[in-house]
Every structure is written in C-alpha cells, then in structure tokens.
Amino acid sequence: MRPILMKGHERPLTFLKYNRDGDLLFSCAKDHTPTVWFADNGERLGTYRGHNGAVWSCDVSRDSMRLITGSADQTVKLWNVQTGSQLYTFNFGSPARSVDFSVGDKLAVITTDPFMELTSAIHVKRIARDPAEQTEESELVIKGPQGRINRAVWGPLNRTIISAGEDAIIRIWDSETGKLLREADKESGHKKTITSLTKSADGSHFLTGSLDKSAKLWDTRTLTLIKTYVTERPVNAVAMSPLLDHVVLGGGQDASAVTTTDHRAGKFEAKFFDKILQEEIGGVKGHFGPINALAFNPDGKSFSSGGEDGYVRLHHFDPDYFNIKI
C-alpha cells in the first residue's frame, strides 16, 4: 500500500471529498485554491481560482457537474467542475465554514462563523438548475448556538439538518421550520470542540471527531450514542469505510504545539478502528504534521488524507486488507 503523494497545495489541507463515482477527489486548503485530482493515480486535473481566503469545505453534486465551496473570504461559490469557471457567489457577513448538498442537489446547507456582532448561523439555499436563475435568498436561516458550527449536514430525506461544533453538542434541526428537534445527551456526548462529522453510506448513522481525543458513532434518527473510539490525541478528521466495519481517525496536536520535527513524535498517523469492537486495528503513518482531512473512496478500496504539511496522501489498499479477520 504505497501511498501516492499529491503535492499541489501551498498551505495546510482543510477538507477532502470524493465524487459519487469515486473517480475524482476534491481538496480544499488554506491556500485559497480548491483542487481536483484523478482519484486512481493522484494526477492533478485542475484548480478552482476565485476565493481569496482559506477554503474550509466543499461538496460535489451527484452528477459531478457542480462544486460548492465555503471560504473564510465570507463567500460560498458554485463552480462548473469540468471548466473550473465560477457559476455563482453567495455573499455572507462572516466566514463560511461548512457546505453540503442535499439529496437531489436542489438545496445546500451552509454554516457561517460568529463574526463581529453576528452569531454563528445555518443557511439553507435553493440551488437553481440554471446558474442564470440562481438567487442570493436563503430558504431558511437558523441562528446558531455559541461558538462556531464546524459541520452541518443533511439528515435522511433532507428533512433534518445535523450540526456540531465548538460547544460540543450535536443538534438536529427541522430543515423546513428551523425548529430544534434534538440535542445530544451531555453525559454521553463529547467534552470538547467537535471538529468533524461524516455520515455512513446509507445515512443511518454518523461519526463525529473531537478535540477530547475521541470519536463517537451516533444513530441519525434518535441521536443515540452507539460506539466510542478513544485515542491519545485530538481528533481533527474522521472517515468510515463504506465496505468494511472500519473507522479511521486522524489528528495530532496543533501545529503550534508541536516542538519536534520527528514525524513519530507528533503521532501523525491515521488510526484504523474496528467499528463494532471499538478496538484499534492499525495505523498509517506518513504526514509530517497533524491530519486535518480524511475521506474514503465510495468503493471502499482506497482512502486519502490531507495534512497540515500541505500534502494529500492517497492510499490504495492491498487485496489482503479485505481479508482481515480480527
């Protein structure tokens, strides 16, 4: 499983996303320029130029025609995936943190950071089929809780929005009315900032990673805690295999807290856990800084990691990985 080292970003990675077919990988970083790569050989296809701030997250439509990106420059942009041209820009009064297309790609949920006197917020935008008809209006704006909302994603059938962030509480909102439906139990929940949230392939459960050095698996409908994976470092990124019962956690201390240059000292490896047994089953070393982003290819045969070191590492699993008997 020799990783393919993908160099194209000048600054730390923030987010990775595969398209539905699994042939393209989109990467976001603090260098203002989202990039698209071939997912099999790591060849760089192109970049999306137009943001002038760190790009925090992205999502790609089901047909791989549209890309949406959220940036610290207080905009969310829609792009034509093939040509790299900008289709539309949503303007906000504060940095845009998280973006997620709904099932069907007709809506997008966007979170914005607290900024000056503005609180954090969750915005739902209608995405027009024809970019010429796109408007700025929000279908819904939910005034968020204290602190940043690091991630918001659609729940089953686009009926709910699941959000998580700095206050460590996962919330489920009604996507039509904006009403708060559920909050995660404080006792069983995370104790520090939730950095990442990813849904299972079927949407029935989701995984959260936190600076409290753990990741937790939750039932999407009931918000019941199913499993907890404990590690010895803050978790910045989480991913779930669509094929096997494996979860991957990535992290490491903040770059500012790292004093040594030895890559083992910072524990910068992606840790694999058995999803059911909650036991660590392996690790993949390589990054020279904390891992900020993780993503599994939808076919489950490869995964990629993005680090504070500015590299994306693409790992194709050996065939024997699929015969692991734990």
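Start by selecting Asp 73 and Asn 52: a polar atom of the Asp 73 side chain sits 2.9 Å from the backbone nitrogen of Asn 52. Now add His 51, whose side chain joins that of Asp 73 in a polar contact of 3.0 Å. (A polar contact is a pair of N or O atoms within 3.5 Å; within protein, one must be able to donate a hydrogen and the other to accept it, and residues adjacent in sequence count only if both atoms are side-chain atoms.)

Before moving on, note that this is a predicted model: local features need pLDDT of at least 70, side-chain atom pairs count only at pLDDT 80 or more, and totals for chains, interfaces and linings use all residues. Residues are numbered from 1 along each chain as its sequence is written, and side-chain values use heavy atoms, with hydrogens and water left out.

Stay with Asp 73 and colour its surroundings: Asp 73 is in the loop between β7 (66-71) and β8 (75-80). (Strands are DSSP runs of E, at least two residues, numbered from the N terminus.) Which side chain of opposite charge is nearest to Asp 73? That is Lys 77, 5.5 Å away, and Asp 73 is buried yet has no salt bridge. (Buried means under 20% relative accessible area, exposed over 50%, partly exposed in between, with a 1.4 Å probe and protein chains only; Lys and Arg count as positive and Asp and Glu as negative, while His and the chain ends are not counted; a salt bridge is a side-chain nitrogen of Lys or Arg within 4 Å of a carboxyl oxygen of Asp or Glu.)

Next, look at pairs that do form salt bridges; the structure holds ten. Select Glu 139 and Arg 126, which meet at 3.3 Å, N to O. Glu 139 lies in strand β13 (residues 138-143) and Arg 126 in strand β12 (residues 121-126), so this pair ties together parts that are 13 residues apart in sequence. Glu 139 is partly exposed at 46%, and Arg 126 is partly exposed too, at 43%.

Now select Glu 232, Arg 233, Glu 269, Lys 271, Glu 280 and Lys 285 together: salt bridges link them in a network. Zoom in on Glu 232 and Arg 233, which meet at 2.7 Å, N to O. Here Arg 233 is buried, with a relative accessible area of 5%, whereas Glu 232 is partly exposed at 41%. Then find Glu 280 and Lys 271, bridged at 3.0 Å, N to O. Lys 271 is buried at 7%, while Glu 280 is partly exposed at 39%.

Methods. Helices (H or I, at least four residues) and strands (E, at least two) are DSSP runs, numbered from the N terminus.
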